[in-house]
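I opened this file to look up the ligand site first and then some single residues. The entries below follow the order in which I checked them.

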Amino acid sequence: MDFTEWMRHVQQGTEAALGTLLPAANLAPQRLHEAMRYAVLGGGKRVRPLLVHAAGELTHAQPAQLMHAACAVELIHAYSLVHDDLPCMDDDVLRRGKPTVHIEYDEATALLVGDALQTLAFQVLTEHPVSSTAAGQIEVIRLLATASGSHGMAGGQAIDIASAGQAMTLEELEFMHLRKTGALIRAAILIGAHAGVAVTDIRRQHLDHYAKRVGLLFQVVDDILDAEANTATLGKTAGKDAAHNKPTYVSLLGLGKAKRLIDELLAEALEALTPLGTRAIRLRELADYVAHRAF
Ligand code: GRG
């Protein structure tokens, strides 16, 4: 399978699995369940599920087990987008090319959708084995919980909210993004690898280095797309960082240097994969995809 076919295969499999895991829209409370399905299904690049599967290939993990891990990570991601779009956070009206959940439904429903998606992610991990041992399964849950919480995504979001109109150094920007965007991307990769055979400490360190570089790479590209692409292409409002006076890689470095940083981060990510051999092919291809994505 070439990369494009593999990507479509994982994306379609993820969509189908999420459709099964999410409560049916006709189950009470119907409005909440319908809104949960609206938030998760029919959109998104599914980058985190792709990373789960790619890392799982490295350790010979079973596709069915990877699919449940991929869905759990994507449910957390979908929850974060719903909450991020709320008026009390980023206050946005467009996501994945359609009205955000609080616009299509209402704010209370959007808050509950995020809450319910977050808990569903962990329910999935208690009902479906990702690891072959109980201790391994708990480690998977720990990785996802840590990445989502105050030391991970929620912590990064808190810094992001406080950063509007403030000056930031490059180190502070990196500290924020390693948490806000990077933590869940890193968790996707470590969880995927964890689903297969055990890896040596040194191989795990190489994978972790790759994961952190790809998380930052994703964010630098996101900052450039926000500055350069249009709303129709992105499926979300473009130009928001500048409008909200948020520090970004573009505002700190300028477009030229931010683009050069993409090349540097990609090279570092690929270098980290070299000792991991040929089974890292999908991780290699995904880093390249993240660096060159158009939306
Ligand atoms: C509310 C706790 C909480 C956290 C929110 C993820 C996040 C933190 C905010 C989203 C805002 C944002 C634009 C972050 C930059 C990177 C990012 C996560 C972009 C959206 O992810 P994609 O491009 O989206 O993977 P799709 O729609 O393809 O899934």
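Which residues are closest to the ligand? I note before answering that the model is predicted. I find 20 residues around the ligand, and the closest are Lys45, Arg48, His77, Asp84 and Arg96.

**Ligand contacts**

I went through the side chains that reach the ligand with polar atoms. For arginine 48, I read 2.8 Å between a polar side-chain atom and an oxygen atom of the ligand. For histidine 77, an N or O atom of the side chain lies 2.8 Å from an oxygen atom of the ligand. For arginine 96, I again find a side-chain N or O atom 2.8 Å from a ligand oxygen atom. I then looked up the area: the ligand taken alone exposes 700 Å², and the protein buries 92% of that.

**Pocket and shell**

Where does the ligand sit? I find the ligand in the largest pocket. Three elements each give two or more residues to the shell around the ligand, namely α4 (63-84), α8 (153-163) and α11 (201-228). Which of these gives the most? I have α4 down for that, with 6 residues. I also sorted the shell by residue class and got 5 nonpolar, 7 polar and 8 charged residues.

**Backbone: arginine 96, histidine 60, proline 29**

I went back to arginine 96, one of the closest residues to the ligand, to check its backbone. Arginine 96 is in the loop between β1 (94-95) and β2 (98-99). Its phi is near 50°, a positive value in a residue other than glycine.

I noted a positive phi at histidine 60 too, near 60°, and this residue is likewise not a glycine. Histidine 60 belongs to the loop between α3 (47-58) and α4. Is histidine 60 buried or partly exposed? I read a relative accessible area of 49%, so histidine 60 is partly exposed, since exposed would require over 50%.

Next I checked the peptide bonds. The bond from alanine 28 to proline 29 is cis, with omega near -5°. Proline 29 lies in the loop between α1 (3-21) and α2. I listed these backbone angles because most residues other than glycine have a negative phi, and most peptide bonds are trans.

**Helix α2: methionine 36 and arginine 37**

I looked up two residues of helix α2. Methionine 36 is in this helix, which covers residues 30-40. Arginine 37 lies in α2 as well. Which class does each fall into, buried or partly exposed? Methionine 36 has a relative accessible area of 3% and is therefore buried. Arginine 37 has 21% relative accessibility, so I enter it as partly exposed; the limit for buried is under 20%.

I also took one C-alpha distance for each. Methionine 36 and tyrosine 79 are 43 residues apart along the chain, with their C-alpha atoms separated by 9.0 Å. Arginine 37 and alanine 187 are 150 residues apart along the chain, and I get 24 Å between their C-alpha atoms.

**Helix α4: histidine 83**

I returned to α4 for histidine 83, which is in that helix. Its relative accessibility is 12%, so histidine 83 counts as buried. What lies 3.0 Å from a polar atom of the histidine 83 side chain? I find the backbone oxygen of leucine 111 there.

**Helix α11: glutamine 219 and aspartate 226**

My last entries concern helix α11. Glutamine 219 is in this helix, and I find aspartate 226 in α11 too. Glutamine 219 has a relative accessible area of 5% and is therefore buried. The value for aspartate 226 is 11%, so I enter aspartate 226 as buried also.

How far apart in space are glutamine 219 and alanine 287? I get 12 Å from C-alpha to C-alpha, with their positions 68 residues apart in sequence. For aspartate 226 I took methionine 176, 50 residues apart along the chain, and the C-alpha atoms are separated by 18 Å.

Terms used:
Residues numbered from 1 in each chain as written. Predicted model: local features only at pLDDT ≥ 70, side-chain atom pairs only at ≥ 80, totals over all residues. Heavy atoms only, no water. Near = heavy atom within 4 Å. Polar contact = N/O pair within 3.5 Å; in protein donor to acceptor, adjacent residues only side chain to side chain. Areas by Shrake-Rupley, 256 points an atom, 1.4 Å probe, with all protein chains shown as cover. 1 Å grid on protein atoms, 1.4 Å probe; cavity = no way out; pocket = protein on both sides within 12 Å on 5 of 7 lines; lining within 4 Å. Sits in = over half its atoms within 2 Å of the grid points. Helix = DSSP H or I, 4+ residues; strand = E, 2+ residues; numbered from the N terminus. Nonpolar A, V, L, I, M, F, W, Y, C, P; charged D, E, K, R; others polar. Buried < 20%, exposed > 50% of the residue type's maximum accessible area, 1.4 Å probe, protein only.
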